[in-house]
Each structure stands twice: as structure tokens, then as C-alpha cells.
Amino acid sequence: MASFLEKGGLKILSLSRMPGMKRVTTALVVMTLFAASAAAETPVAEVSQLQLYSSFWQNLHHFLYVSAWATRPVVPGQARLAMPLPPGSDVSMAPDEKATWDHAVTVYERDFASRDLLFGQRMTMIKLGLVDRDDKLTGAPYDDELKTLLLSAAPIYRKYWWPAHGAGHRAWIEDAVRRTTKYAPAIIARLTTLYGVPWFGRPVRVDVVRFGKSQGAYTSNNPTHIVVASSDPGYAQWSSVEMLFHESSHGLFRKTQLAIEDAANRAGKMPRDLWHVVLFYIAGEVTRQELAKDGVEYKPYLYAIGLFDRAWPRFRSPVETSVQPYIDGKATLEQMVTSLVTAIP
Ligand SMILES: [Zn+2]
């Protein structure tokens with residue numbers, strides 16, 4: 001449930017490799033776009049501009065990342081960047097397949113595992129580069145080594161893991177969309193009012209993978225692109241609704257974040273993560289309130305997994321006291337922010 005504002009993008013990266021070749025570059029870009037549209041994937045489901053995909057390449061990339069982490073010993077007290085693989089994830093494969101797969105995992109271990117999927121260098125570029133690719137990764141803006149590596153691992157992943165992974169997150173998508181569809185109009189109306197921005201005018205891509213980042217879901221901005229790990233037990237049932245709106249909020253929260261940070265700066269406080277705790281609180285509480293209108297009892301993520309007390313105990317009381325009246329329409333943004341910044345240590 002993290003977010004990162006990335007400036008620039010793929011086009012700039014691929015163009016910058018060909019200085020002084022404007023005409024050729026334009027032609028290549030046109031071909032790339034054509035290739036991309038020819039391979040365009042279809043979302044499994046859509047709700048209020050959120051298009052949920054079951055992408056083979058995103059799943060392979062994230063599974064290699066998680067598999068690389070699985071080779072590292074667990075050291076008590078040391079943070080891990082990937083989810084653990086469940087017991088029984090090992091499969092028995094032919095020796096040549098095993099050699100190819102192990103090599104891919106070794107390269108991921110060496111080159112990518114130490115980089116955070118969201119904040120690490122090139123990781124957002126790699127993730128976005130996998131969008132809408134055909135089975136040859138045509139147009140992917142990678143060096144030959146990464147492209148060859150992914151292509152070599154692909155048939156093995158497809159054979160041994162993809163059927164179960166694909167089925168698993170398709171089931172998750174179906175359930176999440178069914179639950180979200182009914183409440184989306186009301187939740188969106190409230191969130192956009194609180195954030196002071198309109199809802200997305202264009203589709204937002206949500207890539208559903210089986211295993212991923214240690215926190216399960218993450219979102220990069222410009223464009224807003226969400227990845228959700230469907231096997232995360234924290235996203236089952238009604239939690240999927242909060243999670244989808246939490247991650248969406250990362251693309252809509254800039255104004256609120258700046259208001260909080262400006263007020264904190266003026267007060268000479270540097271409360272790291274405070275804006276994210278406020279986002280957590282708003283998305284969770286609005287979801288809880290809308291479900292409660294239907295008699296559904298829901299405990300927001302911050303409380304359900306003990307995140308408040310474990311990660312941000314010093315923010316709990318200030319956020320509860322200051323943000324709740326704002327959600328309930330009893331305080332303005334300015335009042336909420338002032339109260340919040342005064343109350344934090
Ligand atoms: Zn988050």
C-alpha cells in the first residue's frame with residue numbers, strides 16, 4: 001500500500017537511446033505503438049474506470065522477484081521486500097527447465113531483489129514496460145539480457161505455475177468486483193469530495209498478480225498503475241473493496257498530501273508517513289461507513305491487522321481525533337490539517 005511519484009516515462013527512455021535520429025525514431029515509435037495495440041490485453045473486469053487485468057508477464061516478473069527473495073534466509077528483525085512463498089510452491093521439473101528457471105531466479109536475486117518494487121531504480125519502468133506485450137515481448141524497452149531472461153523463463157512459468165496462479169486471481173477479481181460494484185458510486189462520491197479532485201477520467205490499470213510486494217499492493221503515479229497480490233490474506237472478502245479504493249486514492253491524494261505537509265513544515269514538524277496514515281484512515285473509514293449502511297460490519301485495514309499500533313502508534317490518536325470530523329463533514333480540510341499537525345508529537 002505504498003505510492004511513488006515517478007516523473008518521466010517509457011517514451012523518454014526509449015527515445016533517448018537514439019540521439020539525432022528523429023525521423024527514424026518517430027517511425028520506430030509508431031511501429032511500437034502499433035505492436036502494442038496489436039497485442040492489447042483485455043481486462044478481466046472493470047469497475048468505475050478500474051480495469052483489472054490478469055497479465056502473464058506481470059505475474060512472471062513478480063513471481064521471479066518473490067522467488068528470488070525466497071532463496072534468501074529469513075533474518076529476524078530484518079525487513080523483506082517480497083511476500084513469502086507458501087509451502088509447497090516448489091515444483092518438480094526437467095533438469096534443463098530447472099537450470100533455466102534457476103538461472104532466471106539467480107539473475108533476479110542479483111539484479112532486482114534488493115530493489116523495492118516501487119521505489120527501486122528502474123523497477124517502475126520494468127513494470128510499465130510489461131503492459132500490453134505480446135508473447136515475444138515486442139517493444140519492451142529492456143536490454144537484451146532482461147528480455148532474453150524473461151522469454152526463457154516464460155514457458156516454464158506457463159507450464160508449472162500460471163494455470164493455478166491465473167485461476168486464483170481470476171477468482172479474486174470476480175469476488176472483488178462483485179463486492180466493489182455496488183458500493184463504488186457512493187464511495188467514489190465521498191472520496192473525491194474529501195480529496196477535492198474528480199475521479200479518474202480514463203481507465204486505471206490494476207494488474208492482479210498472485211505474489212508480490214511485502215505489503216501486497218502498490219501504486220505508481222503518472223500514470224496511476226496499481227498492482228495487487230491476490231493471495232495476500234489481508235485482501236480477502238470486504239478488504240478487497242477498501243484496498244481498491246486505498247490504492248486508487250494514491251492517484252488522487254496529492255492535494256491533501258501537500259496540505260498536510262505544508263502545515264507540518266510550517267509547524268517545524270517532519271512527520272514521515274503521516275499523509276499515508278491519513279489516506280489509510282480515510283479510505284478505510286469511508287468504506288466502513290458505506291458498508292455499514294447495508295448492515296455489513298467491516299473493520300478497516302489499519303485496525304484489522306493491527307497496523308496502527310504496530311507501525312504508527314504515535315499517529316493513532318491525532319489521526320482519529322482530527323480526521324474523523326473531516327470525514328463526517330464536521331470540519332474543513334484546513335481545520336483537519338491544523339488540528340492534526342498540532343496534535344502530532
Ligand atoms: Zn498506500
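1. A residue is counted as partly exposed when the number of other C-beta atoms within 10 Å of its own falls between the limits for exposed, 12 or fewer, and buried, 20 or more. Gln49 has 15 other C-beta atoms within 10 Å and is therefore partly exposed. This note concerns a predicted model, and the burial classes used in the points below rest on the same kind of count.

2. Gln49 belongs to the loop between E2 and E3. Its backbone deserves comment: phi is near 75°, a positive value in a residue other than glycine. Ser48 is placed in the loop between strand E2 (45-47) and strand E3 (50-53), and this residue too is not a glycine, yet has a positive phi of about 45°. Ser48 counts as partly exposed because 17 C-beta neighbours lie inside 10 Å.

3. A further backbone feature concerns Pro223. The peptide bond that leads from Asn222 to Pro223 is cis, its omega being near 0°. Pro223 sits in the loop between strand E5 (217-221) and strand E6 (225-229).

4. On the overall architecture, the chain contains 14 helices and six strands. Of its 345 residues, 39% are buried. Among contacts in the chain with a separation of 6 or more, 71% are between residues 24 or more positions apart.

5. Helix H3 (residues 56-70) merits separate description. From its first C-alpha to its last, H3 reaches 21 Å over 15 residues, close to the 21 Å expected at 1.5 Å a residue. The helix is mostly covered, since 14 of its 15 residues are buried.

6. How do H3 and H6 lie relative to each other, and at roughly what angle do they cross? The axes of H3 and helix H6 (residues 144-160) come within 10 Å and cross at roughly 95°. Angles of 65 to 115 degrees count as roughly perpendicular, and the two helices are therefore roughly perpendicular to each other.

7. Which residues form the contact of H3 with H6? From H3 come Leu60, Phe63 and Leu64, which meet Leu150, Ala153, Ala154 and Tyr157 in H6. By class, this contact has seven nonpolar residues, with no polar and no charged ones.

8. Leu150, one of the H6 residues in that contact, may be examined individually. Is Leu150 buried or exposed? With 21 other C-beta atoms within 10 Å, Leu150 is buried, because the class begins at 20 or more. Not counting residues up to four places away in sequence, Leu150 touches Leu60 and Leu137. Trp101 is 49 residues away from Leu150 along the chain, and their C-alpha atoms are separated by 9.8 Å.

9. The largest nonpolar core comprises 86 residues, of which Leu64, Tyr65, Val228 and Val278 touch the most other members. Helix H10 (residues 274-292) supplies the largest share of this core, with eleven residues. Leu64 also takes part in the contact between H3 and H6.

10. Val278, one of the core members that touch the most others, has several contacts outside its immediate sequence surroundings. Leaving aside neighbours within four places in sequence, Val278 is in contact with Thr256, Ile260, Val319 and Val323.

Conventions. Residues are numbered from 1 along each chain as its sequence is written. This is a predicted model: local features need pLDDT of at least 70, side-chain atom pairs count only at pLDDT 80 or more; totals for chains, interfaces and linings use all residues. Axes are lines fitted to C-alpha atoms, for helices over the stretch in contact, and angles run from 0 to 180 degrees between N-to-C directions. Helices (H or I, at least four residues) and strands (E, at least two) are DSSP runs, numbered from the N terminus. Angles under 35 degrees count as roughly parallel, over 145 as roughly antiparallel, 65 to 115 as roughly perpendicular and the rest as oblique. Two residues are in contact if their C-beta atoms, placed from the backbone, lie within 7 Å. Ala, Val, Leu, Ile, Met, Phe, Trp, Tyr, Cys and Pro count as nonpolar, Asp, Glu, Lys and Arg as charged, and the others, Gly among them, as polar. The expected span of a helix is 1.5 Å times one less than its number of residues. A nonpolar core is a set of buried Ala, Val, Leu, Ile, Met, Phe, Trp, Tyr and Cys residues joined through C-beta atoms within 7 Å.
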